[in-house]
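Here's a quick look at the aromatic rings in this one, and at the charges that go with them. Have the viewer open while you read.

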Amino acid sequence: MSIHTLCKPRPSVFVADRRATVLNLDTFLKGEVNGPEFFKENFFTNGMITLVDRAFRHLGGAGVGSSVFLLSQAMGGGKTHSMIALGLLARDPDLRRKVLEEKNPAPELGRSRVVGFNGRSTDAAGGIWGSLADQLGKADLFARYVSPLLNAPGPEAWKQLLGGEPLVLFLDELPFYLEY
């Protein structure tokens with residue numbers, strides 16, 4: 001037997017306009033990633049399984065472990081890819097049930113809010129916190145921290161902004177933002 005008889009690539013591997021597709025957090029945040037297609041084309045690594053399991057246990061109220069995850073995979077899209085997978089599942093409970101099936105760690109959890117910041121998007125009005133506040137529909141709540149000069153919000157301001165329903169907050173590519 002050869003590798004050619006054992007491995008049969010999906011037809012999408014040969015589609016010219018898909019070969020160079022690289023998803024980034026902005027693509028996801030704009031709603032431009034089709035969840036069912038994404039999971040049809042992707043494989044859950046052990047790291048992604050761990051992230052999804054722990055994140056949904058926390059979002060579902062089990063309160064296990066930390067609510068902050070530092071993804072430290074090798075460079076090349078693995079971290080962002082895992083964030084997109086988690087975000088798609090958090091936004092869409094029906095997709096979560098279909099993809100995770102009996103391994104769903106929070107079957108009663110509904111839709112979660114998902115916001116994020118991509119550090120390569122250095123032109124975001126109001127910087128990181130202005131962008132997050134805008135995505136949450138609470139730009140007015142953070143207006144004083146954005147204009148006329150950026151000011152750092154304190155713990156109470158963050159609680160007001162982020163509190164409420166379950167929320168997944170992604171911060172990606174921050175070194176680029178900090179460098180600019």
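## Aromatic rings and their partners

Phe-39 has 12% relative accessibility, so it counts as buried. Keep in mind that the model is a predicted one. The cut-off for buried is under 20% relative accessible area, so Phe-38, at 5%, counts as buried too.

How are the rings of Phe-38 and Phe-39 arranged? Their planes sit at 85° with the centres 5.1 Å apart, so this pair is edge-to-face. Phe-44 joins in as well: together with Phe-38 and Phe-39, it makes up one aromatic cluster.

Zooming out, searching the whole structure turns up 6 aromatic pairs. One of them is Phe-28 with Phe-170, an edge-to-face pair with 6.3 Å from centre to centre and 70° between the planes. Phe-28 belongs to helix 3 (residues 25-29) and Phe-170 to strand 2 (residues 167-172), so this contact ties together parts 142 residues apart in sequence. Both Phe-28 and Phe-170 are buried.

Now for the charges. Phe-28 shows up again here, since the charged end of Arg-91 sits over its ring. Phe-176 has a charge over its ring too, this one from the charged end of Arg-120. Here are the distances from the charged end to the ring centre:

| Charged residue | Ring | Distance to ring centre |
|---|---|---|
| Arg-91 | Phe-28 | 4.1 Å |
| Arg-120 | Phe-176 | 3.6 Å |

So, to put Phe-28 in one place: this residue is buried, pairs edge-to-face with Phe-170, and has the charged end of Arg-91 over its ring.

Key. Residues numbered from 1 in each chain as written. Predicted model: local features only at pLDDT ≥ 70, side-chain atom pairs only at ≥ 80, totals over all residues. Heavy atoms only, no water. Phe/Tyr/Trp six-rings, centres within 6.5 Å; stacked < 30°, edge-to-face > 60°. Helix = DSSP H or I, 4+ residues; strand = E, 2+ residues; numbered from the N terminus. Buried < 20%, exposed > 50% of the residue type's maximum accessible area, 1.4 Å probe, protein only. Lys NZ or Arg CZ within 6 Å of the ring centre and 35° of its normal.
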